Amino acid sequence: MTEAVSRPTLEAVAALAGVSRATVSRVVNGADGVREPLAERVRRAVAELGYVPNQAARSLVTKRHDAVAVVIAEPETRVFADPFFALQLRGISKELTAHDNQLVLLLTEGRDDHARVARYLAGGHVDGALVFSLHLDDPLPGLIQAAGVPTVFGGRPGWGSGADGSPRGNPGVVYVDCDNRGGARTAVRHLVELGRSRVAHITGPLDQTSAADRLDGYRDVMAGVPGGGDPRLVVESDFTPAGGEHAMRELLARRPDLDAVFAANDLTALGALRVLRESGRRVPEDVAVIGFDDMGPVAEQTDPPLTTVRQEIEEVGRLMARLLLRGGASGAGEGTEAGGPASRNGADGGVILPTTLIRRASA
């Protein structure tokens, strides 16, 4: 057994610096009202003693916890298998770390977890929440609103949406998303310009706005292609490789003459490519394939390398955290470090990042 090492106290710092305990407290907690020479003496004493403030006591003074909850509305089996979430978490973590904030990860497996997450947020453990991968019937938005926690959402919210997709009745909602519909239009337009006319689409889960927006973008372009409205060319999937495989087999059974596929994300495209190869279809000679996301570990290592729509996944996470730390929508109209300027989507609190078509060998 080892003896517990006594930690330096606030009183010890005050004694070494030759100031009052209250003065040390104000300096340590970043409060105003201490002359710089005194503040510098306190900082030197803190460094010499290795004093670490008690976070619980500090929170009582500052009313802040320096912690942010990241809520992902997906089961852990999905979160830890999909590199999309790792990239978004990396962006969030970088921004929080730069501002000396801790990341608290909360996952939801089912309805019981929704109540657990809501209780945690309402308990005053964090200064705010970053929430993404919501589904349309998800109760989390209402529970979080009831908890009164400052929140930024990843992805366009779909609850209470108006005809134009704006979050009707939720004017205070702040979110960050990429241009899903515009990116989908760019991808499908590229396929049509290559001379492909029987373009299929494997969607994501349509209870998520990202998948619904990409489907709308596909339809925007295919509406001008003879036969492009054939419902047999669209199959709903789930953003996973296995789902892409299943959907691709269904498409080949429905329309064996298809000559292109726009997959709603790179993992779906990965599954589609496997089935096309198994069926003897050459890519891109027989069937051109485009994905969405441009996740390097996936898109650059498929066979052939995947043409895809790049969204700045890490940047979305970073900007979500920045908006929250800066108190909501302030600063949201700044240029971004990756991918060009962010743009407002009307007055609904949304920040939309641009997308880019990355051309590789598959289309």
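This report walks through a predicted model of a protein chain, from the overall picture to one strand and one surface patch.

## The whole chain

Let's start with the big picture. The chain has 363 residues, and 51% of them count as buried. Along the chain you can find 14 helices and 13 strands.

Among contacts with a separation of 6 or more, 67% link residues that are 24 or more positions apart. The accessible surface adds up to about 16600 Å², with 52% of that belonging to carbon and sulfur atoms.

## A covered strand

Now take a look at strand E3, which spans residues 128–132 and is mostly covered: five of its five residues are buried. Gly 128, Leu 130 and Phe 132 point one way from the strand, while Ala 129 and Val 131 point the other way.

## The neighbours of E3

Strand E1 (residues 67–72) runs parallel to E3, and five bridges join the two. One partnership to look for is Ile 72 with Phe 132 of E3.

E3 is also joined to strand E4 (residues 151–154), again in parallel, by four bridges. Here Phe 132 has Gly 154 of E4 as its bridge partner. To get from E3 to E4, the chain passes through helix H8 (residues 140–147), making a right-handed β-α-β crossover.

## A patch on the surface

Finally, turn to the outside. Phe 80, Leu 103 and Leu 105 form a nonpolar surface patch, and together they have about 280 Å² of accessible area.

Phe 80 sits in the loop between helix H5 (76–79) and helix H6 (83–98). Why does Phe 80 count as exposed? Because its relative accessibility is 62%, and exposed means over 50%.

Note on methods:
Residues numbered from 1 in each chain as written. Predicted model: local features only at pLDDT ≥ 70, side-chain atom pairs only at ≥ 80, totals over all residues. Heavy atoms only, no water. Buried < 20%, exposed > 50% of the residue type's maximum accessible area, 1.4 Å probe, protein only. Contact = heavy atoms within 4.5 Å. Areas by Shrake-Rupley, 256 points an atom, 1.4 Å probe, with all protein chains shown as cover. Patch = residues over 30% accessible without salt bridge, like charges linked within 9 Å, V, L, I, M, F, W, Y side chains within 5 Å. Salt bridge = Lys/Arg side-chain N within 4 Å of Asp/Glu carboxyl O. Pairing = 2+ DSSP bridges. Right-handed = clockwise from strand over helix to strand, strands pointing away.
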